[in-house]
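Subject: Structure handover

Hello,

Here is the structure for you to look over. My notes on it follow below.

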Amino acid sequence: MFNTLTQQPADKILALLALYRDDPRDTKIDLGVGVYKNAEGVTPIMRAVKEAERRWWDAEETKAYIGLAGDPQFSDVMINLVLADAVKRNQVAAVATPGGTGAVRQAFELIKMANPSARVFVSNPTWPNHLSILKHLNVEAVTYRYFDEATGGVDFDGMVEDLSGAQAGDVVLLHGCCHNPTGANLTLPQWQAVVDLMNSKGLIPMVDIAYQGFGDGVDEDAAATRLVASSCPETLIAASCSKNFGIYRERTGLLVAVSQDASAQATTQGNLAYLNRQNYSFPPDHGSRLVTLVLSDDALRADWLEELEATRLGMLSLRQQLANELRTLSNSDRFGFVAQHRGMFSRLGLSPEIVERLRADYAIYMVGDSRINVAGLNAQTVPVLARAIIEAGG
Ligand code: LMR
């Protein structure tokens, strides 16, 4: 049986991890996978998370199953974090999932169950795993224009034109904040225009929010998701705790479905629990427990917010520094967009040849589409990167 299998295409982001690890040069710089690193290159366990873990180690008395949807308290704190009071609680169905990817996967499966002919419109570009999972599930993906290579911003006219070609029942996948891989985001008035377009055409929004707190602030980054959920009749939301709580390997996420009314909510909740049961039965508990403890304790929450804010500001200052260095070295403002982008990533607009030259000649690792993880830099490596980009022909 196994000899009928053929090799799967390598994941472009994860393939870099091994290449970087095996590079013996001690000047190497990793700007690949989206994992936060501090100035020392360490991915820290956040203080509040560590404290919650200590408390939970003492308090936990059993490892028995909890429920197919996970602990309802986790759903509550996360719904509050993402949606605040944008929708009524009796409109919301939610299940814990293994990470944001688990939520994305379950959302796509739910779409397929509810409407097998629905197509999913994804930004060009988008996180490669969106496309990969859709392909795996045999759900048709249609790309809409999003990134304007010339300006490093959003091609909003192109986006609207392409979404106008969607049909009632199609799903529009949107990045709630900190667009991955480009770092270019819609303004709130642009979000409002997309909401109006989706409502006029009967399109269903699905918001992937994996970097809340990494862009403009915890509430600012959720503003678009809240606008969509409060303005559209139905919304799917895949939320990740991997980055903003720094609990990558704990696999902690939430899938939320906002329904038109309470009766649809009950059936949707049942279907989400069913999907969990088919795929892995019970979602992992440890990470969601830590998030619940942090968000429901005033002191832990305040400390978490403080550390998250310091993280965000650190990335913002690296952006500014990189934009300044590139302005000086290139004697132009053509990389000015780096300071405008938000979140962990920026797409620099370098050719694959230059990306490869940076890896081979300078030991600088970025994704082939020239996406950099800003958090992979520090004040000392920013000038190194800027110089290498210009020398390599960028
Ligand atoms: C990324 O885009 O680098 C992260 O979301 C990690 C991943 O799983 O790809």
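**Ligand site**

A backbone N or O atom of G34 lies 2.7 Å from an oxygen atom of the ligand. Please keep in mind that this is a predicted model. Two side chains also come up against ligand oxygen: an N or O atom in the side chain of R371 is 2.8 Å from an oxygen atom of the ligand, and for the side chain of Y211 the corresponding distance is 3.5 Å. On its own the ligand has 260 Å² of accessible area, and the protein covers 80% of that.

The residues around the ligand are I13, V33, G34, W127, N180, Y211, K243 and R371. Sorted by class, this shell has 4 nonpolar, 2 polar and 2 charged residues. Domain 1 (11-44 + 300-391) and domain 2 (65-296) each supply at least three residues to the shell.

**Annotation and overall content**

The UniProt record, an unreviewed entry, carries the annotation "domain: Aminotransferase class I/classII large" over residues 27-389. Within residues 27-389, helix accounts for 47% of the chain and strand for 15%. The C-alpha atoms at the two ends of that stretch are 15 Å apart.

**Salt bridges**

Side chains of opposite charge can pair when their charged atoms come close. There are 24 salt bridges in the structure. One of them is formed by R47 and E306, whose closest N and O atoms are 4.0 Å apart. R47 belongs to helix α2 (residues 47-59) and E306 to helix α11 (residues 298-330), so this pair ties together parts that are 259 residues apart in sequence. With the closest atoms at 4.0 Å, and the cut-off for a salt bridge being 4 Å, you may want to look at this pair yourself.

**Backbone geometry**

Most residues other than glycine have a negative phi, and most peptide bonds are trans. The following places depart from that pattern.

- N124 and P125 are joined by a cis peptide bond, with omega about 5°. P125 sits in the loop between β3 (120-124) and α5 (128-136).
- N180 and P181 are also joined by a cis peptide bond, here with omega about 20°. P181 is in the loop between β7 (171-175) and α7 (188-201). N180 is among the residues that surround the ligand.
- C178, a residue other than glycine, has a positive phi, near 50°. C178 is placed in the loop between β7 and α7, where P181 is also found.

Regards

How values were computed
Residues are numbered from 1 along each chain as its sequence is written. This is a predicted model: local features need pLDDT of at least 70, side-chain atom pairs count only at pLDDT 80 or more; totals for chains, interfaces and linings use all residues. Side-chain values use heavy atoms; hydrogens and water are left out. A residue is near a molecule or strand if one of its heavy atoms lies within 4 Å of it. A polar contact is a pair of N or O atoms within 3.5 Å; within protein, one must be able to donate a hydrogen and the other to accept it, and residues adjacent in sequence count only if both atoms are side-chain atoms. Accessible areas come from the Shrake-Rupley method with a 1.4 Å probe; for residues, only the protein chains shown count as cover. Ala, Val, Leu, Ile, Met, Phe, Trp, Tyr, Cys and Pro count as nonpolar, Asp, Glu, Lys and Arg as charged, and the others, Gly among them, as polar. Domain bounds come from an automatic or database domain assignment. UniProt positions are given in the numbering used here, feature names are shortened, and annotations may be inferred rather than shown by experiment. Helices (H or I, at least four residues) and strands (E, at least two) are DSSP runs, numbered from the N terminus. A salt bridge is a side-chain nitrogen of Lys or Arg within 4 Å of a carboxyl oxygen of Asp or Glu.
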